[in-house]
Structure formats: structure tokens, C-alpha cells
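Trainee: I would like a close look at a single part of this structure, namely the place where the ligand is held. Please describe its surroundings in one connected account.

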Amino acid sequence: MLIIMNANATDNQIQNVVNFIKSKNFDAHISKGEIQTVIGAVGGKIIDPRDIELLDGVKEVIRISSGYKLASRQFKQEDTIVEVNGVKFGGDNTGLIAGPCTIESYEQMDETAKKLSDMGIKILRGGAFKPRTSPYAFQGLGEEGLKIIKKVADKYGMAVTSEIMEISQIPVCLKYVDILQVGARNMQNFNLLRELGHINKPVIIKRGLANTIEELLMAAEYVMSGGNRNVILCERGIRTFERITRNTLDLSAIPVVKKLSHLPIIIDPSHGTGLRDKVAPMSRAAVAAGCDGLIVEVHNEPESALCDGAQSLYPEQFKALKSDLEKIAPIVGKKIL
Ligand code: PEP
Ligand code: MN
């Protein structure tokens, strides 16, 4: 933290600030300029910068150390690679996850998974606990749904990813799910994140609709600080003033995260655009930008989907997309898995 004092700050005020930060276990490094004094606070625990801003003579406090450490590139130089069912996310790998928005029936999952598995997809998605904006919308099949997706995934040798909404669902998710997904609306459900720090399965954390990349990294830090280092970050679009697309897919999150963190970052072009015809172009762009994976909604019959049909690809469309991605990935030194 850098503390910039007012031009006319007195020696007493400066000393008072120094005493305060020392009382919080920081070392104080004072730099007295011609006009202003700047105090560098190093070490110590995270404190609220406003507590310092309120002290007499302080002009401004600039935070330079972030609220995340374990997730940071400074802490770990090499890329973290998360591996599930032979699919790797991170490093030179771009892993694919596909499946419907939500689990509707055994037949729907079976038909979709069969087609995906024929294409070589090894991780199946499908929500059983759905965070719907309206309480009247289909809320998901719950444990029944998880039983269906697990049965189908086992049949085709696939792994399962599915969303968890609250702490009480951890035991049931651990029973059927290989990668637990924290949805955008729960990105700052800190109690849930903390608990997921104690499980031994990977966690996907989706960026909140109105959250910064730093906040996403701090969400990952919650999980990691509990001991679970298998975290995958997911950019799924943020809310902006644009209304044509459902969300605005922030692909700059890819290079930004890669610089700040060693964690893999995957892209969800389905929720990121909300429109089927925008999914392939944005997936190609994401791979070209070096993403570590994609999670794509694919449905055997999108027109009759109970949820997010308009943004779900037909299996044949996903097949064509996958073949495009296999051509693009090597250009950026990656391989599609
Ligand atoms: C989902 O992936 O099914 C989902 C609900 O996504 P998000 O949390 O990004 O809205
Ligand atoms: Mn969806």
C-alpha cells in the first residue's frame, strides 16, 4: 500500500500514520519529497484502506498488493493444469466440456451424450440445480437429474460437471459430479466457496454478471486457501449496456487472467452471447486468444429445450466447430482435448 500525505501534512500527522500501520504489523517506508510525503506500507495483514484514508493529513491510499496470493502468478510461476478424465485445462491444453443447459430426461441426456461422445468429448455438462431468474421457471431435477447425468456419463465413459448452488448440496454433488461448478450468481457466495476449499474435486468458478476479474481471482482464493488448488476460472459474459447479446463476452479476460494468475481460464460462449449463431465465432476467437478450455451448451433438440435452447448448438454444429478449433489451437501453441 502507498499512502500519499497532503502537501501540508505535519510531522505529527506523518508519525501518527506510521504508528497506525506499524500497529497493524506493516513496515513503514517513508519517502519525503519536495512537496509530498509518501509512506510505503509493506507486509502486514490485509486492512481496509479507508481506515488509513480517515487519518489526519492523508490524501490518498493506493493498494498495490492484491487480495489474492495463492491464485497469483507471483506465488506460482508455472501454469496450473487441472485434469479430469484425461482432459486437461491449462498449459498447452484447451479442454472441451459440452452438454445441455439442464438435465431434462434420461432420453435427452442419452441422445446428446452419445453424439458428443462420438465426437470425442469426455466431459458432459448439465444442470440439476438451476439458478433461474424467475421462481416460476424450471428449477432443475435436483438429485434425480444428477442420477441421470451420472448414469449416462458412465455409459459413454464421460465425466460430469454440474452446478452447485449451496453448501447443503455438497454431499449429493460429490456423489455424482466430477467438477463442481459455481455459477455466476454465486461467485461471491463466500461461505460456499470456503466449503469447496475442503473438497478434493475440481471447481469451476464462473465470473459474476457484474464482477471484476480481480474479484473472480479473489473468489478462487477463497477455495484455494481452504486447500483445494484445482480451480478453473470461467468467463461467461458480463452485463453491460448492450442488449442485442444476452451478456458481453469479455475475451480480454483471457490474457488478463493469464498475466495475473497461473489458474486455467475457460470460456462459456453460450451464456456469453445467448444466441446460437454467435457461439461458434466467439469460441473460435476464444481459442485464438489462448483460452484453456470451453464449456458449450449443446442439445439434441434445442428447439424443445426446457432452458436456454436459443443458445444451444445442434450436435452437428458443435462437431463442425470442434474441427475449426482443432485448426486454430496449434497456431497459438495449444491442443484441443
Ligand atoms: C450454467 O452454466 O448453466 C449457468 C447457469 O451459467 P451461469 O452461472 O454462467 O449463468
Ligand atoms: Mn444455460
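Mentor: The account below turns to the ligand site and then to the space beside it. This is a predicted model, in which local features need pLDDT of at least 70 and side-chain atom pairs count only at pLDDT 80 or more, while totals for chains, interfaces and linings use all residues. Side-chain values use heavy atoms, with hydrogens and water left out.

Ligand 1 is surrounded by R125, K130, E163, Q181, G183, A184, R185, K206, R236 and H271, each with a heavy atom within 4 Å of the ligand. This shell comprises six charged, three polar and one nonpolar residue, where Asp, Glu, Lys and Arg count as charged, Ala, Val, Leu, Ile, Met, Phe, Trp, Tyr, Cys and Pro as nonpolar, and the others, Gly among them, as polar.

Three arginines make polar contacts, that is, pairs of N or O atoms within 3.5 Å. A side-chain N or O atom of R236 is 2.6 Å from an oxygen atom of ligand 1, the corresponding distance for R125 is 2.7 Å, and that for a polar side-chain atom of R185 is 2.9 Å. The protein buries 96% of the 290 Å² that ligand 1 exposes when taken alone, with areas from the Shrake-Rupley method and a 1.4 Å probe.

The model also has one cavity of 30 Å³ or more, a cavity being a set of points on a 1 Å grid over the protein atoms alone where a 1.4 Å probe fits but cannot get out. Its lining, counted by atoms within 4 Å of a point, consists of R125, G126, G127, K130, T161, S162, E163 and Q181.

Terms used: Residues are numbered from 1 along each chain as its sequence is written. Chains are lettered from A and ligands numbered from 1 in the order in which they are written. A polar contact is a pair of N or O atoms within 3.5 Å; within protein, one must be able to donate a hydrogen and the other to accept it, and residues adjacent in sequence count only if both atoms are side-chain atoms. On a 1 Å grid over the protein atoms alone, a cavity is a set of points where a 1.4 Å probe fits but cannot get out, and a pocket is an open set with protein on both sides within 12 Å along at least five of seven lines; lining residues have an atom within 4 Å of a point. Grid points are joined across faces, edges and corners, and a volume is the space filled by probe spheres set on the points.
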